[in-house]
Amino acid sequence: SYLQNAAKAKVDGAEFELTLAPAEGLKFNAALGILDTEYTRFEVQSGGANLAGARLVRAPKATLNVGASYSFGLGDLGDLELAADARYQSRQYYYVTPQDAVNRFYLTQKPYTLTNLRVTYTTKNENVSVTGFINNLFDVRYLNHALPAANPALGVTGETVAWADPLTGGAAG
């Protein structure tokens with residue numbers, strides 16, 4: 001692997017956000033991101049491939065986030081907030097070439113959705129706040145990053161991958 005800048009790229013996109021608070025303590029939020037990317041001029045140095053037309057790395061075409069929270073008082077004990085969110089991400093590539101979701105699937109992250117839960121307790125005087133959380137509730141297996149590692153001359157096959165966190169939980173205060 002080596003690092004090289006592309007000569008020119010095109011990026012078009014839009015993002016839409018919505019927040020609703022229909023009742024006291026109840027909130028809903030959503031965000032949609034749409035992205036269209038392409039390298040328009042990109043020739044690998046030293047007589048390499050022409051990569052014009054490939055999508056930009058780590059640029060999913062669509063992302064969608066939705067969430068909800070409900071906060072309520074516990075009298076003299078303080079407040080409690082219950083929250084959940086989910087994030088969808090469409091396919092993205094971790095490397096500029098090859099962008100082949102079938103034969104080089106470890107260099108491609110297929111679409112996935114993550115769901116998280118959170119409970120936060122806050123004392124009445126707001127001096128102490130403790131949050132319990134569960135991330136990746138459904139234990140979705142997805143890649144955090146990948147790099148090509150195939151080198152037939154050295155007998156190396158496959159890719160180098162870094163898996164993202166599985167189902168995790170904890171507390172913070």
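Q: How many bridges join E7 to E8?
A: Let's start with the hairpin in this predicted model. Strand E7 covers residues 112-122, and strand E8 covers 129-135. The two run antiparallel, and the number of bridges that join them is six.

Q: Which residue of E8 is the bridge partner of Thr122?
A: Thr122 pairs in two directions, so to speak, and we can take them in turn. Towards strand E4, Thr122 of E7 is the bridge partner of Asp79. Towards E8, the bridge partner of Thr122 is Ser129.

Q: Which residue in the hairpin of E7 and E8 takes a positive phi?
A: The hairpin has six residues between its strands. One residue in that loop has a phi of about 65° although it is not a glycine. That residue is Glu126.

Q: Is Glu126 buried or exposed?
A: Glu126 sits in the loop between E7 and E8. Its relative accessibility is 61%, and the cut-off for this class is over 50%. Glu126 therefore counts as exposed.

Q: What is the order of the seven strands in the open sheet?
A: Now for the wider picture. The pairing in this sheet is antiparallel; for instance, eleven bridges join E4 (residues 79-89) to E7, and 14 bridges join E1 to E2 (residues 26-41). The order of the strands is E1-E2-E3-E4-E7-E8-E11.

Q: Why is one side of E1 and of E11 left without a neighbour in the sheet, and where do these strands stand?
A: Strand E1 spans 8-23 and strand E11 spans 168-172. Each has a single partner strand, so one side of each is left without a neighbour in the sheet. Both strands stand at the edges.

Q: Which residue of E2 is the bridge partner of Lys8?
A: E1 begins at residue 8, and E2 ends at residue 41. These strands run antiparallel. In E2, the partner of Lys8 is Arg41.

Q: Is Asn136 buried or exposed?
A: Asn136 lies in the loop between E8 and strand E9 (143-148). Beyond its neighbours within four places in sequence, it is in contact with residues including Leu114, Thr115, Asn116 and Tyr142. Its relative accessibility is 4%, and the cut-off is under 20%. Asn136 therefore counts as buried.

Q: What distance separates the C-alpha atoms of Asn136 and Glu126?
A: These two residues belong to the loops on either end of E8: Glu126 is in the loop between E7 and E8, and Asn136 is in the loop between E8 and E9. They are ten residues apart along the chain. Their C-alpha atoms are separated by 29 Å.

Q: With which residues is Gly173 in contact, leaving aside its neighbours within four places in sequence?
A: Gly173 lies in the segment after E11. It is exposed, with a relative accessible area of 94%. Its contacts are with Ser129 and Val130.

Q: What is the relative accessible area of Arg58?
A: Arg58 lies in the loop between E2 and strand E3 (62-73). Its phi is near 55°, a positive value in a residue other than glycine. Arg58 is partly exposed, and its relative accessible area is 41%.

Q: What volume does the second largest pocket have?
A: The lining of this pocket includes Arg91, Phe105, Arg141, Tyr142 and Trp163. By class, the lining has six nonpolar, two polar and three charged residues. The volume of the pocket is about 240 Å³.

Notes
Residues are numbered from 1 along each chain as its sequence is written. This is a predicted model: local features need pLDDT of at least 70, side-chain atom pairs count only at pLDDT 80 or more; totals for chains, interfaces and linings use all residues. Side-chain values use heavy atoms; hydrogens and water are left out. On a 1 Å grid over the protein atoms alone, a cavity is a set of points where a 1.4 Å probe fits but cannot get out, and a pocket is an open set with protein on both sides within 12 Å along at least five of seven lines; lining residues have an atom within 4 Å of a point. Grid points are joined across faces, edges and corners, and a volume is the space filled by probe spheres set on the points. Ala, Val, Leu, Ile, Met, Phe, Trp, Tyr, Cys and Pro count as nonpolar, Asp, Glu, Lys and Arg as charged, and the others, Gly among them, as polar. Two strands pair if DSSP finds at least two bridges between them. Helices (H or I, at least four residues) and strands (E, at least two) are DSSP runs, numbered from the N terminus. Buried means under 20% relative accessible area, exposed over 50%, partly exposed in between (1.4 Å probe, protein chains only). Contact means heavy atoms within 4.5 Å.
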